[in-house]
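This briefing goes through the fold, the charge pairs and the surface patches of the structure shown here. Please read it with the sequence and the coordinates at hand.

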Amino acid sequence: MFEYEMHQLRAADLTREADRGRLLAEARKNRAATRRAARQEAEGRVNAHMWRARFTRAA
């Protein structure tokens, strides 16, 4: 009986681990899709270092 209980515990652990792995993969996929969509937007965030590189200082 002990071996059967150990088997049940291990099976439950493996199921939880697989579920966690699926959730992580889905989160990574969603994050990548969000980044991809943000890059394709017509207007995005403006970084301060971009402005310094493009324009010179006014007199």
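A salt bridge is taken here as a side-chain nitrogen of Lys or Arg lying within 4 Å of a carboxyl oxygen of Asp or Glu. By that criterion Arg22 forms a salt bridge with Asp19, because their closest N and O atoms are 2.4 Å apart. The model is a predicted one, and a search of the whole structure finds two such salt bridges.

**Overall fold and exposure**

- The chain has two helices and zero strands, and helix H1 covers residues 2-40.
- Of the 59 residues in the chain, buried residues make up 0%, where buried stands for a relative accessible area under 20%.
- The chain exposes about 6300 Å², and 54% of that area is supplied by carbon and sulfur atoms.

**Salt bridges in helix H1**

- Arg22 and Asp19 are three residues apart in helix H1, which means that about one helical turn separates them.
- Within this pair, Arg22 has a relative accessible area of 52% and is therefore exposed, the cut-off being over 50%, whereas Asp19, at 34% relative accessibility, counts as partly exposed.
- The other salt bridge is formed by Asp13 with Arg16, whose closest N and O atoms are 2.3 Å apart.
- Asp13 and Arg16 are likewise three residues apart in helix H1, so they too are separated by about one helical turn.
- With a relative accessible area of 35%, Asp13 is partly exposed, while Arg16 is exposed, with a relative accessible area of 52%.

**Positive surface patch**

- Arg20, Arg28, Arg31, Arg35, Arg36 and Arg39 form a positive patch on the surface.
- One of these residues, Arg20, has its place in helix H1, and Arg20 is exposed, with a relative accessible area of 57%.
- Membership of a patch requires over 30% relative accessible area and no salt bridge, so Arg22, which forms a salt bridge with Asp19, does not qualify for the positive patch.

**Nonpolar surface patch**

- Phe2, Met6 and Leu9 form a nonpolar patch on the surface, and together these residues have about 340 Å² of accessible area.
- Met6 has its place in helix H1, which spans residues 2-40.
- At 43% relative accessibility Met6 counts as partly exposed, because that value lies between the limits of 20% for buried and 50% for exposed.

Note on methods. Residues numbered from 1 in each chain as written. Predicted model: local features only at pLDDT ≥ 70, side-chain atom pairs only at ≥ 80, totals over all residues. Heavy atoms only, no water. Patch = residues over 30% accessible without salt bridge, like charges linked within 9 Å, V, L, I, M, F, W, Y side chains within 5 Å. Areas by Shrake-Rupley, 256 points an atom, 1.4 Å probe, with all protein chains shown as cover. Helix = DSSP H or I, 4+ residues; strand = E, 2+ residues; numbered from the N terminus. Buried < 20%, exposed > 50% of the residue type's maximum accessible area, 1.4 Å probe, protein only. Lys, Arg positive; Asp, Glu negative; His and termini not counted. Charge placed at Lys NZ, Arg CZ, Asp CG, Glu CD.
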